[in-house]
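Visitor: I'd like to go through this model with you and ask how each label was earned. Could you show it to me?

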Amino acid sequence: MAGPVMGKFFLQKEISGNTRDVFEDILEERRVSSDLLCAMKSFAPVIYQNLTPCHPSALKTIVMESDNLQQAIRQISVESGEPFSVIQKQASRILDEMGHNLKLGAIRLFALSLSKIFKRLYSKVFVNLEGIQRLGKAIQEHPVVLMPSHRSYVDFLLISYIMFIYDLAIPVIAAGEDLSRMKFVGPFLRMSGAFYIRRTFHGDKLYWAVFSEYVTTMLRSGYAPIEFFIEGQRSRTGKTIHPKLGLLNVVAEPFFRGEVYDLYLVPISISYEKILEESFHVQELLGAQKSKESTSGLIKARKLLKDNFGNIHIYIGHPVSLRSMASGIINRSQYNLTPRHSFQRPSEDVLKFISETAYKLELQQIANMVLSPGDLIATILLQNLPVLNYNLLVEKIYWLRNLTEEFGGCLDWPGMSNLQR
């Protein structure tokens, strides 16, 4: 596999236990070599079955001309009484607002900027090598959906940065429409692979038809992984939020309809020693109104570059075959009885399967989180409010550490050469 997988500058450490994963610090090489040379390197990403990537404008044409969307437009035209051409123009506008505009030049600028920012903000950014190798193999064999945990806006940036560093196909990422309205930032993120969707579009048949066909077309083509956060929003407490099932239902549909042979779902666990938005999350939990994303707010946040936010651990989990999970549970023949373009609510057994799959993926995210001493200290203090003797605190921390190890948890403990699992 291309990329600096075993680069000599990478700091490595292992997770020990029944399985071993080597973690590499991807910032180690960045601290001793040129960020510009890294950003301008030859980029030949691993892609699905060696297909030629589809240009964003060509992708939009394919979506607009698809039989499914054309039939949906006809149906909506009949139901609403609006001319077909009017509905088609509306669909085209929705697609323009939604679609990504991935460009390699933007990705290179993105990589250069993040290399410098991450070196200022973080001590180390660790990635599990085996996960990178598994992901590269999965991308070559089947369409892939990346599903990271969501604690910070940095989650959005990290995965694309890692994919570039290791010569893997840059993902297209589902992002909230509010980000698209940020001056300069919105268009740049779009050129870095973001496609923007409304927070809610319940009952809007045209929007749903365009969105569904857009995602399905990307999965069928397999030219880039799709990425979305199954939690739907950032967790303010550090605890995993109940999954949102809409996007998972959409990405699973091409498999149910037999348009792809299989689909790999890849849970990714991102563990922060300290998140950038910590102070804002505290204010929100105390009742303050969530501040809207804006370019001016991002500029004001530059003062954070003076702080150090410790380490990040990214654990790329084992790809989960949707075909294997659905075997013996979902009868896909039911999809042969209805036209592919028709609007239909998934059956109860499909909805149940999607829900169970979502929770299983979240449990895998949780199982692969890397815990720091701060996590253990906070746990003990919260269970022993309002006060706790210092010596007893230390005793309880070591007790919890040993308990975590016995149950297979992953710890990044000071003074250890290896991560304990």
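Visitor: Which residues line the largest cavity?

Guide: Happy to help, and keep in mind that this is a predicted model. The lining of the largest cavity consists of S271, Y272, E273, N311, H313, V370, L371, S372, D375 and D412. Its volume is about 60 Å³. Strands β8 (264-272), β9 (311-316) and β11 (370-371) each give two or more residues to this lining.

Visitor: How do you know how that lining divides into nonpolar, polar and charged?

Guide: Asp and Glu count as charged, so E273, D375 and D412 fall in that class. The division comes to 3 nonpolar, 4 polar and 3 charged.

Visitor: What makes up the lining of the second largest cavity, by class?

Guide: L135, L146, I159, I162, M163, I268, I314 and I316 line that cavity. Leu, Ile and Met count as nonpolar, and the lining has 8 nonpolar, no polar and no charged residues. Helix α8 (154-165) and strand β9 each give two or more residues, and α8 gives the most, with 3. The space inside is about 40 Å³.

Visitor: Why is α4 called oblique to α5?

Guide: Helix α4 (residues 67-80) and helix α5 (residues 84-98) pack at about 125°, with axes 9 Å apart. Roughly perpendicular covers 65 to 115 degrees and roughly antiparallel starts over 145. The angle of about 125° fits neither class, so α4 is oblique to α5.

Visitor: Which residues of α4 and α5 make the contact?

Guide: Q70, I73, R74, I76, S77 and S80 of α4 meet F84, I87, Q88 and A91 of α5. By class they are 5 nonpolar, 4 polar and 1 charged.

Notes:
Residues are numbered from 1 along each chain as its sequence is written. This is a predicted model: local features need pLDDT of at least 70, side-chain atom pairs count only at pLDDT 80 or more; totals for chains, interfaces and linings use all residues. Side-chain values use heavy atoms; hydrogens and water are left out. Axes are lines fitted to C-alpha atoms, for helices over the stretch in contact, and angles run from 0 to 180 degrees between N-to-C directions. Helices (H or I, at least four residues) and strands (E, at least two) are DSSP runs, numbered from the N terminus. Angles under 35 degrees count as roughly parallel, over 145 as roughly antiparallel, 65 to 115 as roughly perpendicular and the rest as oblique. Contact means heavy atoms within 4.5 Å. On a 1 Å grid over the protein atoms alone, a cavity is a set of points where a 1.4 Å probe fits but cannot get out, and a pocket is an open set with protein on both sides within 12 Å along at least five of seven lines; lining residues have an atom within 4 Å of a point. Grid points are joined across faces, edges and corners, and a volume is the space filled by probe spheres set on the points.
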